[in-house]
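Student: I would like to work through this model with you, one question at a time. Could we begin with its charges and then turn to a single side chain?

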Amino acid sequence: IEDIRGKSIAAASISGLGSGQMQFRKLIGRGMSYINDPSQVIFTSNQGKVVNGVLYGEIDVGFVRTDQIERTKDRETGELVDKSLFKILEPEVGLEIDGV
């Protein structure tokens, strides 16, 4: 998780639990600052925009809730994004959602 130092990160909002707060808590627990350690912090107001931002290289790291990647449509093709194109940092065991 220390790899996010110096990278641009995006979340839907500063107050969103699944796209911000949980990830910020993880960083703080590692002695990191979600404000000072990344090169830039962007709030998109939409988790789909976070996923597409990472997909198209506009941001380095995206904070989204469990299953958001699987449900996001590629903004260019309209098809569901390919989950294998993303690297999940420190996934939490037991939080996977099958289906939806």
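Student: How far apart are the mean positions of the positive and negative charges of the protein?

Tutor: This is a predicted model, and the value is computed from its atoms. The protein carries 12 positive and 15 negative charges, and each set is reduced to its mean position before the two are compared. The distance between these mean positions is 4 Å.

Student: What radius of gyration does the protein have, and which value would a compact globule give?

Tutor: The C-alpha atoms fill a box of roughly 40 × 30 × 25 Å along the principal axes. For 100 residues, a compact globule would have a radius of gyration near 13 Å, and the protein agrees with this because its own value is 13 Å.

Student: Is Ser19 buried or exposed?

Tutor: Ser19 is found in helix α1, which covers residues 17–29, in a protein where 35% of the 100 residues count as buried. A residue counts as buried when its relative accessible area is under 20%. Ser19 has a relative accessible area of 2%, and therefore Ser19 is buried.

Student: Which backbone oxygen does the side chain of Ser19 reach?

Tutor: Leaving aside residues up to four places away in sequence, Ser19 touches Ala11, Ala12, Ser13, Gln47, Phe63 and Val64. With Ala12, the side chain of Ser19 reaches the backbone nitrogen at 2.7 Å. The backbone oxygen that this side chain reaches, at 2.5 Å, is that of Phe63.

Definitions and conventions. Residues are numbered from 1 along each chain as its sequence is written. This is a predicted model: local features need pLDDT of at least 70, side-chain atom pairs count only at pLDDT 80 or more; totals for chains, interfaces and linings use all residues. Side-chain values use heavy atoms; hydrogens and water are left out. The radius of gyration is taken over C-alpha atoms; the globule rule is 2.2 Å times the number of residues to the power 0.38. Buried means under 20% relative accessible area, exposed over 50%, partly exposed in between (1.4 Å probe, protein chains only). Lys and Arg count as positive and Asp and Glu as negative; His and the chain ends are not counted. The place of a charge is taken as NZ of Lys, CZ of Arg, CG of Asp or CD of Glu. Helices (H or I, at least four residues) and strands (E, at least two) are DSSP runs, numbered from the N terminus. A polar contact is a pair of N or O atoms within 3.5 Å; within protein, one must be able to donate a hydrogen and the other to accept it, and residues adjacent in sequence count only if both atoms are side-chain atoms. Contact means heavy atoms within 4.5 Å.
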